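Student: Could you take me through one part of this structure closely? I would like to see how that part connects to what surrounds it.

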Amino acid sequence: MLENIRIVLVETSHSGNIGSAARAMKTMGLNQLYLVAPKQGVDEQAIALAVGADDVVRNAVIVPTFDQAVADCEFVIGTSARLRHLQSTLLEPRACAERAVAFAKQHKVAIVFGRERIGLTNEELLKCRYHLTIPANPDYSSLNLAMAVQLISYELRMAWLEKNKKEGNKKDMDFSLSSIESTYPTAQELEYFFAHTERLYQQLGFIQNQGVMQKLRRLYLRAEVEKNELNILRGMLSAVEKSGNFNRE
């Protein structure tokens, strides 16, 4: 299960943070590290601060964009301190870890950490099915990147250990077996659907500003649409396009 969970770091400013994050991951049994356009690549400082986790650093997958880092993942969880418009998809670390480990039994999961200074952009957050927030002291909520990765990695390991204890228990972390075993679309497949939806709805005159599409994204992500359901939705969009009869009544 832990092999199916990847940690994604977006545009890290300092190579030392890559090494420190890798160390935090390896102590908890995680080794899938993805780096999105790091400002400084893997260098001597990254290796030095990895302190024995240099294999995680050297095997890190480096990609130029957020989309490429999560394209094959069915569940993408983005970290954010911005809560106002994310309440319906918000998870705290323990609940996030339980859900991630349950999904990781059959699906690929990405937990994405944003830039050290500004985090993830609104556009990137809209591409995440869930949003993770750490309920730190509101008077001093400053966590560096490696600390945040360590905290989440610890919760993932504890959830994994607990799941192993309950492997024969049908309750399985309060998630129904049927829901976890369902086949979910990847992030890339969802992006194709959202692009298709936006293109058609613009032709119909329904979408006239980005606010509508942002709300639709949140609606579909919150619904946890399965792959066969997504195929039906895309089929509906294609049927409307083929008909050529854009009735606006």
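**A close look at strand 6 and its surroundings**

Tutor: Start with one pair of side chains. Arg115 and Glu124 are joined by a polar contact of 2.9 Å between their side chains. This is a predicted model, so keep that in mind throughout. Arg115 sits in the loop that runs between strand 6 and helix 6 (122–125). Is Arg115 buried or exposed? Its relative accessibility is 12%, and buried means under 20%, so Arg115 counts as buried. Beyond residues up to four places away in sequence, Arg115 touches Val10, Glu11, Leu120, Thr121 and Glu124. Two of those names come back shortly. Val10 and Leu120 are included in a core of 16 residues. There is also a link in space to Leu145. Arg115 and Leu145 are 30 residues apart in sequence, yet their C-alpha atoms are 8.5 Å apart.

Now step back into strand 6 (109–113). How many of its residues are buried? Five of its five residues are buried, and the strand is mostly covered. Look at which way they point. Val109, Ile111 and Phe113 face one way, while Ala110 and Val112 face the other. The general rule is that side chains in a regular strand alternate between the two faces of the sheet.

Next, the partners. Strand 6 belongs to an open sheet of seven strands, with parallel pairing and the order 3-2-1-6-4-7-5. At the edges stand strand 3 (61–63) and strand 5 (90–91); each has a single partner strand, so one side of each has no neighbour in the sheet. Strand 6 has strand 1 and strand 4 next to it in that order. Strand 1 (5–10) is joined to strand 6 by five bridges, and the two run parallel. Strand 4 (residues 75–79) is joined to strand 6 by four bridges, again parallel. Ile111 is a good place to pause. Ile7 stands opposite Ile111, and Ile111 is also the bridge partner of Ile77. Towards the edge, strand 2 (residues 32–36) meets strand 3 through three bridges, and these two run parallel as well. There, Val36 stands opposite Val63.

Ile111 matters for the packing picture too. The largest nonpolar core has 39 residues, and Leu33 and Ile111 touch the most other members. Helix 7 (residues 145–165) supplies the largest share of this core, six residues. A second, separate core has 16 residues, among them Val10, Tyr34, Cys73 and Leu120. In soluble globular proteins, nonpolar side chains tend to be buried together. What does Leu33 contact, leaving aside its neighbours within four places in sequence? The list is Ile7, Leu9, Ile18, Ala22, Met25, Val56, Ala60 and Val61. Ile7 is the residue that stands opposite Ile111.

Helix 7 also covers strand 6. The helix lies across strand 1, strand 6 and strand 7 (130–132), and runs at about 155 degrees to strand 6.

Now for helix 1 (residues 15–27). Its 13 residues should span 18 Å at 1.5 Å a residue; its end C-alpha atoms are 19 Å apart, which agrees. Its buried residues are Ser15, Gly16, Asn17, Ile18, Gly19, Ala21, Ala22, Ala24 and Met25. Three of these, Ile18, Ala22 and Met25, are in contact with Leu33. The buried residues of helix 1 pack against strand 1, strand 2, helix 2 (44–50), helix 3 (54–58) and helix 7. Just after the helix, Gly29 takes a positive phi of about 85 degrees.

Asn17, in helix 1, brings us back towards the start. Asn17 has a relative accessible area of 18%, so it is buried. Not counting residues up to four places away in sequence, Asn17 touches Glu116 and Leu145. Leu145 is the residue whose C-alpha lies 8.5 Å from that of Arg115.

Last, set this part in the whole chain. The protein chain has eleven helices and seven strands. Buried residues make up 44% of its 249 residues. Take the contacts between residues at least 6 apart in sequence: 84% of them join residues at least 24 apart.

Notes. Residues numbered from 1 in each chain as written. Predicted model: local features only at pLDDT ≥ 70, side-chain atom pairs only at ≥ 80, totals over all residues. Heavy atoms only, no water. Core = buried A, V, L, I, M, F, W, Y, C linked by side-chain atoms within 4.5 Å. Buried < 20%, exposed > 50% of the residue type's maximum accessible area, 1.4 Å probe, protein only. Contact = heavy atoms within 4.5 Å. Pairing = 2+ DSSP bridges. Axes fitted to C-alpha atoms, helices over the stretch in contact; angles between N-to-C directions. Expected span 1.5 Å × (residues − 1). Polar contact = N/O pair within 3.5 Å; in protein donor to acceptor, adjacent residues only side chain to side chain.
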